[in-house]
Structure formats: structure tokens, C-alpha cells
Amino acid sequence: MEKKTKLHVGLLFGGNSSEHDVSKRSAHNIYDAMDKSHYDVSLFLLTRSGFVLSDAASRRVFDGEDEATVAAEELTKVDSSNPLAPIWNLSQAKDIDVFFPIIHGNLGEDGTIQGLFRLLKKPFVGSGVLASATSFDKDLTKQVLTTHGIRNTKYVVITPENRNENDYETIKAKLGANVFIKPANQGSSVGIHKATNATEYDEGIADAFRYDFKVLVEETIAGPEEVEISILGNEKPQASRLGAIRVPESDVFYDYNNKFVDASGVTFEVPVDLPADLTTEITTMGLRTYAALGLKGMARIDYLVSKDGVPYVGEVNTLPGFTNISLYPQLWQASGISYADLIDRLIQLALDEFDYQDELAYDFIPLDNASAASTYKPKSK
């Protein structure tokens with residue numbers, strides 16, 4: 001039997017979140033950077049309606065065909081009565097060694113796809129179920145950070161149940177007159193608003209509730225500088241150099257439009273030159289955040305640095321963008337790791353983590369056989 005010389009990678013992209021097209025751009029860049037002499041790659045596009053397309057159909061979209069047309073054609077072949085119909089096309093690719101999900105936002109970063117990979121007993125790039133779900137939820141992230149003494153902004157959680165108890169005047173007394181409103185489980189600044197009065201607050205809350213039933217209202221940091229760091233690794237992660245985002249004064253914050261639609265007014269300083277003590281503090285906070293959340297593989301951590309030089313952890317991205325302007329790979333390139341080498345390292349980290357987790361024992365004591373239970377011995381490592 002011929003020895004296998006290449007790793008077979010299943011690259012998943014798309015999804016049903018607002019970041020669907022961003023994911024497609026990231027997947028293109030990752031695919032192009034992969035050394036095809038080392039990897040065989042199967043492509044799987046998760047459509048906006050939640051169905052995984054076959055490798056052949058996904059490549060058609062990858063090569064420029066209209067996604068809606070290809071998806072409609074492929075869905076006529078699906079047996080909708082099969083409970084596994086949405087993921088059936090994964091079975092077409094045999095002997096996948098590792099999955100590389102680059103589905104941003106819902107289904108990709110919230111632990112859903114990670115749970116599927118665990119059921120499939122396959123290695124995958126990135127963090128596990130719990131770490132992904134916790135980091136995706138901005139409220140839970142802040143709870144973990146606060147428990148570990150990692151500085152983050154003050155906030156109030158608004159739900160449909162307590163919405164009437166938290167009008168603008170109530171929030172103003174707790175957080176100040178200027179606040180940011182965010183859905184707890186969304187990415188890429190979708191549904192985010194700055195409010196400086198009751199009208200803006202009410203409108204912002206109403207829009208945020210379109211995307212989640214849990215909404216965060218956060219204090220505003222005066223004149224903040226947006227700084228980012230990339231983290232890479234499992235049990236012993238490493239941190240990149242720091243980068244900064246310069247947003248035009250006419251923009252309130254780094255929103256979806258200037259991230260992905262029109263970034264002409266946005267500039268990136270990679271690496272950014274900050275005071276040595278501030279650089280050390282941000283780097284230490286990043287590594288502590290990574291450990292506290294139990295992250296694996298990779299993450300990009302965003303900070304707000306106040307005018308007086310105090311850093312606050314803003315958000316944690318467990319599957320950061322790999323588009324042409326994404327800072328995660330840019331920061332590693334500035335730190336001496338090329339795009340192709342970064343992909344290699346992420347895949348190896350996935351394989352390492354799978355082997356590491358496989359050391360855990362999941363044996364159990366049978367309860368239907370008393371004699372067996374009395375002589376039972378757990379698996380030794």
C-alpha cells in the first residue's frame with residue numbers, strides 16, 4: 001500500500017452570518033497560501049441557508065460562479081428528509097486528516113462547527129467548543145476576564161426581560177452619557193451603535209436586538225487608540241508584535257463598512273511603536289486572556305488604549321480574518337512568520353491538540369453488571 005505523503009485538509013468557509021462574504025475572501029487567501037505539494041485540499045462552502053456544498057460545487061463558487069445559482073442547483077439533489085442532509089456532502093471527501101474552518105461569526109466561532117468536528121473525531125484548526133462559545137459571547141468573555149483580573153470596560157447587559165428597567169437615564173447614571181451598544185453574539189461591528197442621547201440609545205438597542213436577545217451597553221473610553229495582537233499556540237502560546245488601526249475622525253468607530261466595504265480611509269500601523277511598558281502590559285494581557293479562556297490554535301485580541309495609556313481588552317476573535325487587510329496574518333508577517341508558514345503551524349497545532357486530547361480517558365463503570373463493576377479498572381495513560 002502506497003504511503004500517504006500529503007495531508008488532506010477540509011477547508012470550510014461561508015456560513016449564515018453577516019460575515020459570509022468575508023469568510024469567502026479569507027478562504028481564498030488560505031487556499032492560495034497552502035503548499036499543494038504538502039496538502040490535498042477539499043473545499044466546503046456552507047451556504048447562507050446552512051447547507052454544505054460538495055467540493056465540486058464549492059470550487060465553482062470559488063472560481064467566480066454565482067453562489068445563489070450554484071446553491072439552488074445543488075439543493076435539488078439533497079434528500080431533505082435525511083436529518084444529516086445539511087452536512088451530507090462532507091461524506092464525499094474521504095480520509096480527511098484535519099479540518100480548517102474559516103467560518104466567521106455564527107456557526108463558525110460559536111462552538112457549533114467545533115462540536116461537529118468532535119463528533120466526527122477529526123482534528124480541527126482553532127479552539128474547542130467551550131472556548132469558542134465563551135469567547136463569541138461578549139458578556140461571558142467579560143465575566144471570565146473580570147474573574148481573572150484582566151481589565152475590560154464596564155458594561156450592562158440588556159435582555160428583553162430587563163429592557164424596560166434600563167432606559168437611557170438609568171444607563172447614563174451607571175456608565176456615563178456616551179455609550180456603545182453591541183449584540184452579545186455578533187462579529188465585525190454588526191449591530192453596534194454609539195449613543196449620546198436617549199433617541200440614539202433607543203434606536204441602537206432596537207437594532208441590536210435584531211441580531212441577539214442579549215445586548216451589551218458599554219462605557220466609552222475617552223479618545224481611544226485601537227490596538228491588536230495575534231496569538232498562536234496551544235499550551236505554550238506566543239504573541240506577535242502589536243498593530244494599530246487608524247480610523248478617520250469622521251467615523252465613530254471601526255465598523256463593518258470600513259473593515260470590508262470601503263477601507264480607503266483606514267490605515268494600519270504594523271507594527272506600532274508604543275512605549276515599552278505599554279507594549280509589555282498589552283502582550284501580557286493577551287497571553288493571560290488566551291489562557292483564561294482556554295483558547296487553542298489562534299486568536300486575535302483587540303484592545304482600546306485610553307488617552308492616558310491604559311489598555312482595556314475589547315474583543316477576542318477565535319477565527320480571525322485572513323483577508324488582504326486582516327491584521328492577524330499581517331501581525332505575524334511583521335513578527336517573522338510568513339503567511340504560508342502560519343498556515344502550516346496552525347494545521348500542526350490542530351493535529352497536536354487532537355493527540356493531546358486523545359490522551360484523556362473516557363472509560364466508564366458499567367452499572368448493569370455488578371461483577372464487572374467490581375473488577376473494573378480505568379484505562380491507564
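Biologist: What makes β2, β1 and β3 an open sheet, and in what order do the strands come?

Modeller: The order is β2-β1-β3, with parallel pairing. Two strands pair if DSSP finds at least two bridges between them, and strands are DSSP runs (E, at least two residues; helices are H or I, at least four), numbered from the N terminus. At the edges, β2 (39-46) and β3 (98-101) each pair on one side only.

Biologist: How do you know that β1 pairs with β2?

Modeller: The cut-off is at least two bridges, and 8 bridges join β1 (residues 7-14) to β2, so the pair qualifies by that definition. One of the partnerships is glycine 10 with serine 42 in β2.

Biologist: Can I take this at face value?

Modeller: It's a predicted model, where local features need pLDDT of at least 70, side-chain atom pairs count only at pLDDT 80 or more, and totals for chains, interfaces and linings use all residues. Residues are numbered from 1 along each chain as its sequence is written, and side-chain values use heavy atoms, leaving out hydrogens and water.

Biologist: Why is one side of β4 and of β6 left without a neighbour in the other sheet?

Modeller: That open sheet has 4 strands in the order β4-β7-β5-β6, with antiparallel pairing. β4 (155-158) and β6 (193-195) stand at its edges with a single partner strand each, so one side of each has no neighbour there.

Biologist: What makes β5 and β7 a pair?

Modeller: Again, the definition asks for at least two bridges, and 5 join β5 (residues 179-183) to β7 (residues 215-219), running antiparallel. Proline 183 stands opposite valine 215 in β7.
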